[in-house]
Amino acid sequence: QVLLVESGGGLVQPGGSLRLSCEASGSWFNLGAMGWYRQAPGNQRDLVATITSADFTNYADSVKGRFTISRDNTKNTVYLQMNSLKPEDTAVYYCFAEIYGLNSGDNYWGNGTLVTVSS
């Protein structure tokens, strides 16, 4: 069984920074892309950033230049450094990972961590 656990959310003032972490545990043949989505109240879940196993990254336009995604494959962990935070970044942030067995793959999700940007 695969488990993803996020940490690092909280309350921060506009212009501040937070660093989210997400560690994957369990067993698999290959750990593929990892990344973050977010969901604000009343909105759909939207892509924030992704990173492949080869460290290719992709960002939503709304976070480019402010957020940085990275991963440590030795720890099965993905990070999201969030700088210059805005109130509109307030959301529950969900980590995901592409997990592959010998014959198939699937996306797994964490339970989410709340980020609130407010003065």
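These exercises work through the salt bridges of a predicted model.

Local features need pLDDT of at least 70, side-chain atom pairs count only at pLDDT 80 or more, and totals for chains, interfaces and linings use all residues. Residues are numbered from 1 along each chain as its sequence is written, and side-chain values use heavy atoms, with hydrogens and water left out.

**Exercise 1.** State how many salt bridges the structure holds, and place the D89 and R38 pair in the chain.

Solution.
- Apply the cut-off: a side-chain nitrogen of Lys or Arg within 4 Å of a carboxyl oxygen of Asp or Glu.
- The structure holds three salt bridges.
- D89 and R38 form one of them, at 2.9 Å from N to O.
- R38 sits in strand β4 (residues 30–39), and D89 in the loop between β8 (77–82) and β9 (91–100). Strands here are DSSP runs (E, at least two residues), numbered from the N terminus.
- The two residues are 51 apart, so the pair links distant parts of the chain.

**Exercise 2.** Find the salt-bridge partner of R66, then name the network that holds R66.

Solution.
- R66 pairs with D89; their closest N and O atoms are 2.7 Å apart.
- R66 lies in the loop between β6 (57–59) and β7 (67–72), so this pair ties together parts 23 residues apart in sequence.
- R38, R66 and D89 are thus linked in a salt-bridge network.

**Exercise 3.** Are K64, D61, D89 and R38 buried, partly exposed or exposed?

Solution.
- Buried means under 20% relative accessible area, exposed over 50%, partly exposed in between (1.4 Å probe, protein chains only).
- K64 and D61 form a salt bridge at 3.1 Å between the closest N and O atoms.
- K64 is partly exposed at 49%; D61 is exposed at 63%.
- D89 is buried at 1%, and R38 is buried at 12%.

Conventions:
Helix = DSSP H or I, 4+ residues; strand = E, 2+ residues; numbered from the N terminus.
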